[in-house]
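Got your viewer open? Load the model, pick a cartoon view and follow along, one selection at a time.

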Amino acid sequence: DDRHVRLYTEFLPDRQGILFVFRERTIEVNHAKKEQNFISVLSHELRTPLASIEGFSELMLHRTLSPSKQRKYLETVRSETQRLSQLLTEFLDYQRLSHQKESYHLVSFCIERMLIELTEWLNVSTSTHHLQIQTDGPCLITADQEKIRRVLLNILNNAIKYSPVDSNIQVSLACCESEIVITISDDGYGIPTQDLPYLFDPYYRVEQADHLQVQGTGLGLPICKEIIEAHGGRITVHSEIGKGSDFFIRLPRDEEWNTTNNMYKNSM
Ligand code: ADP
């Protein structure tokens, strides 16, 4: 029905039945989740992977299966275990960040260099998309390097996940008077207008087939928002369905930039 999306259908050997695994999918559930206490949300999210791990291991224990079926079921168990582990890690990270229990190690560093390194690395490691970068030049910000790298990687990985193979991803850096603006644009599936206000809410995922086919937790963007806002910055999105999405990250720029600019350039 329209409250559930079917994840797997397995025909059991010897006509012994069919195994369905469903995920609950109503938008109302997503909104209600905001109000719920996080432990109950977590248990809701854990139920689907746990149910399929239990279902497929029961099958393997109690049925005689061909090696290829066995392998297929084991692969499902492995990918659901990975999903559980990612859910738990992201859940705990989000809890720490949203309760301001996370410590930030602030240093002054060149955001242009980080963007160039990430773009080059993703071009080599994924090779499915074409990442291009355009910048105003070297620019210093004071921030937690690891956390900013995590935000950028998450937005870049989303651009890859939610756009077709072989498409372009454009990264740009503008260094303005008091802030820097990073824009990450893709030519992907885009996001329906009615989903945009909820996109940074925990566990929110766009309820469309092309989005739901992609593995995700709905915690990546809330984590990014917590990190960027903790640095006094802002993260926003503009998107058109079928055309693509632009994510904008604004962060305060180092005030002493003008005085250190020449020194920094000389040291590069
Ligand atoms: P997920 O783990 O589901 O990717 P996120 O919090 O990172 O979680 O993103 C939330 C939802 O926002 C995604 O499930 C997807 O529907 C949508 N989304 C995020 N980035 C993009 C993008 N670049 N293009 C289209 N949709 C996106």
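Which residues are buried in H5? Select helix H5, residues 145-161, and colour Lys147, Ile148, Val151, Leu152, Asn154, Ile155, Leu156, Asn158, Ala159 and Ile160: these are the buried ones. Buried here means under 20% relative accessible area, exposed means over 50%, and partly exposed is in between (1.4 Å probe, protein chains only). Helices (H or I, at least four residues) and strands (E, at least two) are DSSP runs, numbered from the N terminus.

A word on what you are looking at: this is a predicted model, where local features need pLDDT of at least 70 and side-chain atom pairs count only at pLDDT 80 or more, while totals for chains, interfaces and linings use all residues. Residues are numbered from 1 along each chain as its sequence is written, and side-chain values use heavy atoms, with hydrogens and water left out.

**Still on H5**

Put a distance between the end C-alpha atoms of H5 and you should get 24 Å, which agrees with the 24 Å expected for 17 residues at 1.5 Å a residue. The expected span is 1.5 Å times one less than the number of residues. Now go to the start of H5 and show aspartate 144: one of its side-chain oxygens comes within 3.2 Å of the backbone nitrogen of glutamate 146.

**Zoom out for a moment**

Show the whole protein chain, and you have 8 helices and 9 strands. Of its 268 residues, 44% are buried. Contact means heavy atoms within 4.5 Å. Among contacts in the chain with a separation of 6 or more, 68% are between residues 24 or more positions apart.

**A helix pair**

Next, select H3 (residues 67-98) and H7 (residues 220-230), which pack at about 25 degrees with their axes 10 Å apart. That angle makes H3 roughly parallel to H7, since angles under 35 degrees count as roughly parallel. The axes are lines fitted to C-alpha atoms, for helices over the stretch in contact, and angles run from 0 to 180 degrees between N-to-C directions. To see who touches whom, show sticks for Glu90, Asp93, Tyr94, Leu97 and Ser98 on H3, and for Gly220, Pro222, Ile223, Glu226 and Ile227 on H7.

**H4 and the loop after it**

Pick threonine 119 in helix H4. With 3% relative accessibility, threonine 119 counts as buried. Leave out residues up to four places away in sequence, and threonine 119 touches Leu131, Ile133 and Val171. Then step along to serine 127, in the loop between H4 (111-126) and strand S4 (130-135). Serine 127 is exposed at 58% relative accessibility, and its phi is near 55 degrees, a positive value in a residue other than glycine.

**The loop between S7 and H6**

Two stops here. Proline 197 sits between strand S7 (179-186) and helix H6 (209-212) and is exposed, at 59% relative accessibility. Tyrosine 203 is in the loop between S7 and H6 too, but is buried at 3%. Check the phi of tyrosine 203: it is near 70 degrees, again positive in a residue other than glycine.

**Last stop: isoleucine 241**

Where is isoleucine 241 found? Look in the loop between strand S8 (234-240) and strand S9 (244-252). Isoleucine 241 is partly exposed, at 47% relative accessible area. Add glycine 190 to the selection: the two are 51 residues apart in sequence but 4.1 Å apart in space, C-alpha to C-alpha. Skipping neighbours within four places in sequence, isoleucine 241 is in contact with Tyr189, Gly190, Ile191, Pro192 and Gln208.

Definitions and conventions: Polar contact = N/O pair within 3.5 Å; in protein donor to acceptor, adjacent residues only side chain to side chain. Parallel < 35°, antiparallel > 145°, perpendicular 65-115°, else oblique.
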